[in-house]
Amino acid sequence: MITNKYMTMFVSVLMAAAVFLCFCMTAYSKRLIQGAERTGMAVSYESELFQTDQIMEVNICMEGELWEEMLEHAVSEQYYSCDVEINGTLISNIGIRPKGNTSLTAIASDPDTDRYSLKLEFDHYVDGQTCFGLDKLILNNNYADATNMKEAIVYDMYRYLETDASLYNYAKVSVNGEYRGVYLALEAVEESFLLRNYGTGNGSLYKPDNMNMGGRFGMSKGDPENGFLSPPEGAKGEEKQKKPEFSSPDRDMSTKSPDGVNPFDGKNPFDSKENFGGGGADLNYTDDEEDSYQDIWDGSVTDTGRKDHKRVITALEHIHAGEELDQYLDIENILKYMAVHTFAVNLDSLTGTMAHNYYLYEANGRLNILPWDYNLSFGGMSEGKDGGASEMINYPVDTPFLGTQFFDALLENESCAAQYHAYLEQLAREYVSAGKFAETYQRIRTQIDGLVKTDPTAFYTYDEYDAGANMLFDVVSLRAESVLGQLSGAIPATKESQKESKEAFVDASEVDVKVMGVMNMEKMEKRKENKK
């Protein structure tokens, strides 16, 4: 029989153990939460669709008249119904629409092409329908990329560093059995992406963008002078509304400018930084007012509210102050993002003056950056048009982001900067110099050379593709050489120091970035003038 004395002692021990356990749970609760949000789920589509040793085959089955109607009204970004056969598996009644921003506008104003990028949304009309678990597939048209490879190489780098990024593969695309071209297939950053990377955690996803040049600045094939079209009357297959928690953030629902004037008239929208400031898409902390970050909330992909927005603002405030970065940032993944993004010199992004082409993910108050849209990397923007091959090859690794201060605290933190440099060195030394890049490059050439040669809608001839791809191989190799030189201190690694001394730059005199394809706004304007 246990005496009262021993009973009291036993209860005291139990209470002490309970208190100690509570203390441990409290002390480690943040780590437990952070660890849980990183637990992804295995998905079938990773092996069924995105094994890059064999390209995807996509056959879009759609009435000819309906297909032409969709192309005619592409800038409305209206979903139409079709069936699709992917690698021999038929999926019925899915949503399809053209996609894009500047590229959509450019193609809509060009009478010589209707090669739009496409979105295939498997659950648009049938709740819960997927393709091996994938809810949305992106087919990118490789616009302004003569190499047909820039985006694939960048996503391969992300995969090499095991970064949170979309899966990729090439796709042979046909319409009603007729070959239409070779596209880059990407896993959309939506529900299935979040499940694969973060499991069932209730994080919030945004696609901030203060440009929105697809719908608002768009033009119709039928009436190239009339931008700002509403969805065509009588468009088929819109009986069922999309679930409200997942919208299409790259679609600008506003179809008219405030003054009714086409913003492209007489000016290049990329010339002025005024076109891209404000709204919070640059991720700079300004104040605690929710309205100051409207471009973030307007890009909500998941259903979000004031509490979610408050967590983002709080995180931005602490990141701006450089406080408790591990609590408010997914540091490891963001450093990997910074490394690949910097290596690729993508000025059509936060690297340049335009605050777009990325996703923001928030879970339990921590922010993460997810990559998007790399067809204009490696000199595809102003660096290419201005002939700035040397500046692109030697782009500074320690001051790479012109459009935001979001990454400054990490770059100024000694241990974070060292890890960021380590990832850059891994890319330059292991991925490029040690042969992984050459292996990937050769694999892609073997897969798509024949498809490019017979591509009926290609933006470039086969000879232009061949020259561009060869140039890209040299550019990536030279970029790796410069990155290693900057990391060793042999080459200036900041924008200011590079102004003072360029003697140590890697020689890029043999590089013509325009051969790889560039965004040519002047060509868009010229086409428009010729139509008048």
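D449 and R445 both sit in helix α15, which spans residues 436-453, and they are separated by four residues, or about one turn of the helix. Their side chains meet in a salt bridge with an N to O distance of 2.8 Å, and D449 is buried, as is R445. The model is a predicted one, and the structure holds 17 salt bridges. The points below take up R445 and its second partner, then a further pair between two strands, and finally the nonpolar core.

**R445 and its link to helix α16**

- R445 also forms a salt bridge with D466, in which the closest N and O atoms are 2.7 Å apart.
- This second pair links distant parts of the chain, since R445 belongs to helix α15 whereas D466 belongs to helix α16, with their positions 21 residues apart.
- R445 counts as buried because its relative accessible area is 8%, which falls under the 20% limit.
- D466, by contrast, is classed as partly exposed because its relative accessibility is 26%, a value that lies between the limits of 20% and 50%.

**E121, K136 and E190**

- Salt bridges that share partners join E121, K136 and E190 into one network.
- Within this network, E121 forms a salt bridge with K136, and the closest N and O atoms of the two are 2.9 Å apart.
- The pair of E121 and K136 links distant parts of the chain, with E121 in strand β4 (residues 117-121) and K136 in strand β5 (residues 136-140), 15 residues apart.
- E121 is buried, its relative accessible area being 3%, and K136 is likewise buried, with a relative accessible area of 1%.

**The largest nonpolar core**

- The largest nonpolar core has 151 residues, and the residues with the most contacts inside this core are I60 and F343.
- Helix α16, which covers residues 462-488, gives the most to this core, contributing 10 residues.
- Helix α16 is also the helix in which D466, the salt-bridge partner of R445, is found.
- When neighbours within four places in sequence are left aside, I60 is in contact with W67, C82, D83, V84, I96, L118, V173, S174, V175 and N176.
- The contacts of I60 therefore include residues such as D83, S174 and N176, which are not of the kinds that make up a nonpolar core, namely Ala, Val, Leu, Ile, Met, Phe, Trp, Tyr and Cys.

Conventions. Residues numbered from 1 in each chain as written. Predicted model: local features only at pLDDT ≥ 70, side-chain atom pairs only at ≥ 80, totals over all residues. Heavy atoms only, no water. Core = buried A, V, L, I, M, F, W, Y, C linked by side-chain atoms within 4.5 Å. Buried < 20%, exposed > 50% of the residue type's maximum accessible area, 1.4 Å probe, protein only. Helix = DSSP H or I, 4+ residues; strand = E, 2+ residues; numbered from the N terminus. Contact = heavy atoms within 4.5 Å. Salt bridge = Lys/Arg side-chain N within 4 Å of Asp/Glu carboxyl O.
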